[in-house]
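Please open the structure in your viewer and keep the selection tool at hand. The tour below goes from stop to stop, saying at each one what to select and what is found there.

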Amino acid sequence: MDLTPFEPFLDQLDRTALAPWRTALEAAVLARLGPGAHGDLPLWEAALAALPDLPESTRVLNASCVGLEGADPLSAEVEAHLRETLMRLHPWRKGPFCLRGLHLDTEWRSDWKWDRLAGSLTPLKDRLVLDVGCGNGYHAWRMLGEGARLVMGIDPTLLYVVQFQAINRYLGRDRLSVLPLGIEDLPEGLTGFDTVFSMGVFYHRRSPMDHLLELGRLLRPGGELVLETLVLEGEGERVLVPPGRYASMRNVWFIPTLDALEVWLGRCGFVGVSVADVTRTSREEQRSTDWMRFQSLANHLDPEDPGRTIEGLPAPTRAVLIARRG
């Protein structure tokens with residue numbers, strides 16, 4: 001893979017206040033795609049090349065199931081080809097996506113999370129948006145559907161980048177892309193986003209304060225942060241540091257209470273902190289499906305007490321906080 005899939009997006013970026021960072025972004029992407037990027041990348045690129053053409057359709061970005069609608073269903077042959085080709089990009093974790101009747105029933109009902117937070121956002125119309133750790137871009141599509149001028153998703157997992165490109169093969173939007181980058185790969189000095197999302201990333205960072213400071217630097221003054229993360233239920237400034245795994249995950253470092261998290265945000269220069277949502281993650285929201293056949297949440301909870309993980313720790317509860325860069 002080279003820069004070709006990213007160039008239409010970078011051309012759009014050139015028309016915004018983010019234009020000075022195009023060259024550095026190109027260099028970062030090329031470095032990530034260099035020799036040894038991932039052994040399965042040629043197989044995933046072959047799947048992209050094998051995707052079938054679909055009839056003219058209506059693009060749907062602002063509904064639970066992002067994708068294509070049409071008056072007539074796909075032929076059985078085309079649908080089978082489409083399904084088999086997209087399955088070569090298994091596992092599909094964020095979604096759902098619908099392509100002319102083919103339903104990609106992903107591990108996460110990511111639309112539920114979006115529905116819980118969307119009403120609390122500053123309207124995204126005409127805003128420059130960054131989605132950190134965006135996966136295959138499901139939420140980034142929803143941001144574009146809300147009228148964002150430009151949405152830059154970043155995720156270092158190349159499979160998710162290819163999944164985005166598979167969906168965009170049909171949606172054909174240039175004002176959105178998923179770049180194969182982590183937040184640490186972004187050019188030094190990059191700033192100017194109106195809204196930055198960090199969802200499902202914070203608890204994986206070894207230094208939570210540094211992550212908040214990085215997110216703040218990416219925002220223009222007064223810009224909005226949307227932070228979604230695991231939280232510890234209860235009052236007071238407390239933090240759970242898992243002694244080993246958490247719900248079988250090795251890389252969960254800090255789970256603070258809301259009170260602690262609000263203090264951390266304030267210490268890192270954010271103001272106007274509000275809590276948009278707090279929800280215990282259910283086995284209906286995150287589960288195994290045909291499109292994600294590995295173990296999922298139910299396998300990592302105590303079978304006798306779903307309020308605890310298999311390690312005996314509090315089961316996952318997620319919160320969405322919104323704050324402004326001061």
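Begin with the largest pocket of this predicted model, which holds about 1100 Å³ of space. Select Tyr160, Gly200, Tyr203, His204 and Met249, since these are the residues closest to the centre of the largest pocket, out of the 45 that line it. Next, colour helix α5 (110–117) and helix α7 (158–171), which are the elements that give two or more residues to the lining of the largest pocket. If you colour that lining by residue type, you should find 17 nonpolar residues, 17 polar residues and 11 charged residues.

Stay with helix α5 for a moment and select Ser110, which is found in that helix. Is Ser110 buried or exposed? Ser110 is buried, because its relative accessible area is 3%, and a residue counts as buried when that value is under 20%. To see what surrounds it, show Lys94, Gly95, Tyr138 and His139, which Ser110 touches when residues up to four places away in sequence are not counted.

Now move to the second largest pocket, where about 180 Å³ of space lies. Which residues line the second largest pocket? Select Ile183, Leu186, Pro187, Glu188, Gly189, Leu190 and Thr191, and then add Glu214, Arg217 and Leu218, and you will have the lining of this pocket on the screen. Sorted by type, the lining of the second largest pocket divides into five nonpolar, two polar and three charged residues.

For the last stop, clear the selection and show the whole chain as a cartoon, in which nine helices and 15 strands can be followed. Turn the chain along its principal axes, and its C-alpha atoms fill a box of roughly 55 × 50 × 40 Å. The chain has a radius of gyration of 20 Å, which agrees with the value near 20 Å that a compact globule of 326 residues would have. Buried residues make up 51% of the 326 residues in the chain, and Ser110, visited earlier, is one that is buried. Among the contacts with a separation of 6 or more, 73% are accounted for by residues 24 or more positions apart. Finally, switch on the surface: the accessible surface of the chain comes to about 14000 Å², and 48% of that surface belongs to carbon and sulfur atoms.

Notes: Residues numbered from 1 in each chain as written. Predicted model: local features only at pLDDT ≥ 70, side-chain atom pairs only at ≥ 80, totals over all residues. Heavy atoms only, no water. 1 Å grid on protein atoms, 1.4 Å probe; cavity = no way out; pocket = protein on both sides within 12 Å on 5 of 7 lines; lining within 4 Å. Points joined across faces, edges and corners; volume = space filled by probe spheres on them. Helix = DSSP H or I, 4+ residues; strand = E, 2+ residues; numbered from the N terminus. Nonpolar A, V, L, I, M, F, W, Y, C, P; charged D, E, K, R; others polar. Rg over C-alpha atoms; globule rule 2.2 N^0.38 Å. Buried < 20%, exposed > 50% of the residue type's maximum accessible area, 1.4 Å probe, protein only. Contact = heavy atoms within 4.5 Å. Areas by Shrake-Rupley, 256 points an atom, 1.4 Å probe, with all protein chains shown as cover.
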